[in-house]
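Let's take a walk through this one, from the overall fold down to a few individual side chains. Have the model open and follow along.

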Amino acid sequence: MTTSPVLLAVALSLVSALCYATAAVVQERTAAGTADLRGALIRASWWWAVLLNAAGALLHVVALRYGPLSLVQPLGVLTLVVAVPLGSLVARRRTSGTQWRGMALTLAGLTALLTVTASGAGTSDSALSTNEVLLVALAAATLIAALIRLASGRSSLTGLAFAAASGIASAVGSTLAQKLAVGPTLSWSAAVLALLTVAFAAGGLLLAQKAYGSGLGGPLALLTLVNPVAASAVGVTLLGEGFQYGTTGVLLAVAGAMAAGRGVVLLSRPQPERPAGLDVRVPVPVPVPVPVPVPHLRPTRMLTGTSRAA
């Protein structure tokens, strides 16, 4: 029996999302145990995350060979569904109700946004031209630089800014990888395309590591949201994929954006942690000493010389 290319693309995308989710948890735990990016790069756990990300990227590229970008890319939202509960399990804490609501809103909003995007055909006709590749790379690099500057200026937005930059870099890397997958050629333009693909993919990985220094939920949710939205934006503006349902589609996209934004906010809230100095052991009762009654001793009268004379 022949396997449908679309089903094969979906299966590969699911395994890819699992790899990405596991890698995100490893990166978050690595960031929690190191002070900066340099410290993370010398830890073995970070390189395991690199291997998992590489496996996820490879499966993603193969999936793009069998399915269109607008089908394969949205399946990356499953990374969030797996990563947040897995991160809670690794950290030995329960996934809170706020986190579940944040995930539900993010997934619902992203689904609404992507529903109004028409699927394109995963063929070489729908791939970017060389000039369009350079245009996308330049625009993405400008946005990423602006987000990094924002992250440096406001500490409260550091994790989310790095996450947005990582999502853009990863989306561009996936878009360029699609061109390599559907129409590889041996030329100088193909070499430039390969270098740009590797640069954006590696940049997305490093930016994600910086983002996870602020936690897992919020940065991962925003990264998962920005990635397919940015890829769909490229498809809409350059590949002619377009939007569906007219005014209804626009309203659905706005509602989806609001829901996803609310979900990111919920997932960005810090989770309650046990204070470092709190002793949660059951106190052992200390016996209270019972006072022992002392018998009353009658004082002895001192005999003076006068009394003896009497």
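A residue counts as buried here when its relative accessible area is under 20%. With that in hand, look at helix H3 (44-66): its buried residues are Trp-46, Ala-49, Val-50, Asn-53, Gly-56, His-60, Ala-63 and Leu-64. Keep in mind that this is a predicted model.

**The overall picture**

Stepping back, the protein has twelve helices and zero strands, so the run of elements from the N terminus on is simply α-α-α-α-α-α-α-α-α-α-α-α, given that helices and strands are taken as DSSP runs. Of its 310 residues, 42% count as buried. Sequence-distant pairs do much of the touching: among contacts with a separation of 6 or more, 82% are between residues 24 or more positions apart.

How do the helix lengths compare with what is expected at 1.5 Å a residue? Here are three of them, with H3 at 34 Å against an expected 33 Å.

| Helix | Residues | End-to-end C-alpha span | Expected span |
|---|---|---|---|
| H3 | 23 residues | 34 Å | 33 Å |
| H6 | 19 residues | 27 Å | 27 Å |
| H11 | 23 residues | 33 Å | 33 Å |

**The nonpolar cores**

Which residues touch the most other members of the largest nonpolar core? Out of its 49 residues, Phe-200 and Tyr-212 do. Helices giving two or more residues to this core are H1 (5-32), H5 (78-90), H6 (97-115), H7 (130-153), H8 (158-182), H9 (188-211), H10 (217-238) and H11 (246-268). H8 supplies the largest share, with nine residues. Apart from this core lies another one, made of five residues, including Ala-9, Leu-12, Leu-64 and Val-72. Leu-64 also turned up above among the buried residues of H3.

Tyr-212 is worth a zoom. Beyond residues up to four places away in sequence, Tyr-212 touches Ala-24, Gln-27, Glu-28 and Ala-31, and also Pro-219, Leu-220 and Leu-223.

**Following Pro-219 and Thr-106**

One of those partners, Pro-219, is found in helix H10. Is Pro-219 buried or exposed? Its relative accessible area is 6%, so Pro-219 is buried. Leaving aside neighbours within four places in sequence, Pro-219 is in contact with Gly-159, Leu-160, Ala-163, Ala-211 and Tyr-212. Its C-alpha is also 7.9 Å from that of Val-264, although 45 residues separate the two in sequence.

Val-264 leads on to Thr-106, a residue of helix H6, since the contacts of Thr-106 outside its sequence neighbourhood of four places include Val-264. The others are Leu-80, Ala-221, Ala-259, Ala-260, Gly-263 and Leu-267. Thr-106 counts as buried because its relative accessibility is 2%.

Thr-106 has plenty of company in H6, where Thr-98, Gln-99, Gly-102, Met-103, Gly-109, Leu-110, Ala-112, Leu-113 and Leu-114 are buried too. H5, H10 and H11 are among what covers these buried residues. Turning to H11, its buried residues are Gly-249, Ala-253, Gly-256, Ala-259, Ala-260, Gly-263, Val-264, Leu-266 and Leu-267. An α-helix has 3.6 residues a turn, so residues three or four places apart point the same way.

**Where H7 meets its neighbour**

Leu-147 is found in helix H7. It counts as buried because its relative accessibility is 18%, below the 20% cut-off. Apart from neighbours within four places in sequence, Leu-147 is in contact with Ala-161, Ala-164, Ala-165 and Ile-168. The C-alpha atoms of Leu-147 and Ala-161 are 5.4 Å apart, with the two residues 14 apart in sequence.

**The largest pocket**

Finally, the open space. The largest pocket has a volume of about 850 Å³ and is lined by 38 residues. Which of them lie nearest its centre? Tyr-20, Asn-53, Ala-57, Ser-170 and Ala-201 do. H1, H3, H8, H9 and H10 each give two or more residues to the lining, and H9 gives the most, with eight residues.

What is the make-up of that lining, split into nonpolar, polar and charged? There are 22 nonpolar residues, 16 polar ones and no charged ones. Asn-53, near the head of that centre list, is also one of the buried residues of H3.

Key
Residues are numbered from 1 along each chain as its sequence is written. This is a predicted model: local features need pLDDT of at least 70, side-chain atom pairs count only at pLDDT 80 or more; totals for chains, interfaces and linings use all residues. Side-chain values use heavy atoms; hydrogens and water are left out. A nonpolar core is a set of buried Ala, Val, Leu, Ile, Met, Phe, Trp, Tyr and Cys residues joined through side-chain atoms within 4.5 Å. Buried means under 20% relative accessible area, exposed over 50%, partly exposed in between (1.4 Å probe, protein chains only). Helices (H or I, at least four residues) and strands (E, at least two) are DSSP runs, numbered from the N terminus. Contact means heavy atoms within 4.5 Å. On a 1 Å grid over the protein atoms alone, a cavity is a set of points where a 1.4 Å probe fits but cannot get out, and a pocket is an open set with protein on both sides within 12 Å along at least five of seven lines; lining residues have an atom within 4 Å of a point. Grid points are joined across faces, edges and corners, and a volume is the space filled by probe spheres set on the points. Ala, Val, Leu, Ile, Met, Phe, Trp, Tyr, Cys and Pro count as nonpolar, Asp, Glu, Lys and Arg as charged, and the others, Gly among them, as polar. The expected span of a helix is 1.5 Å times one less than its number of residues.
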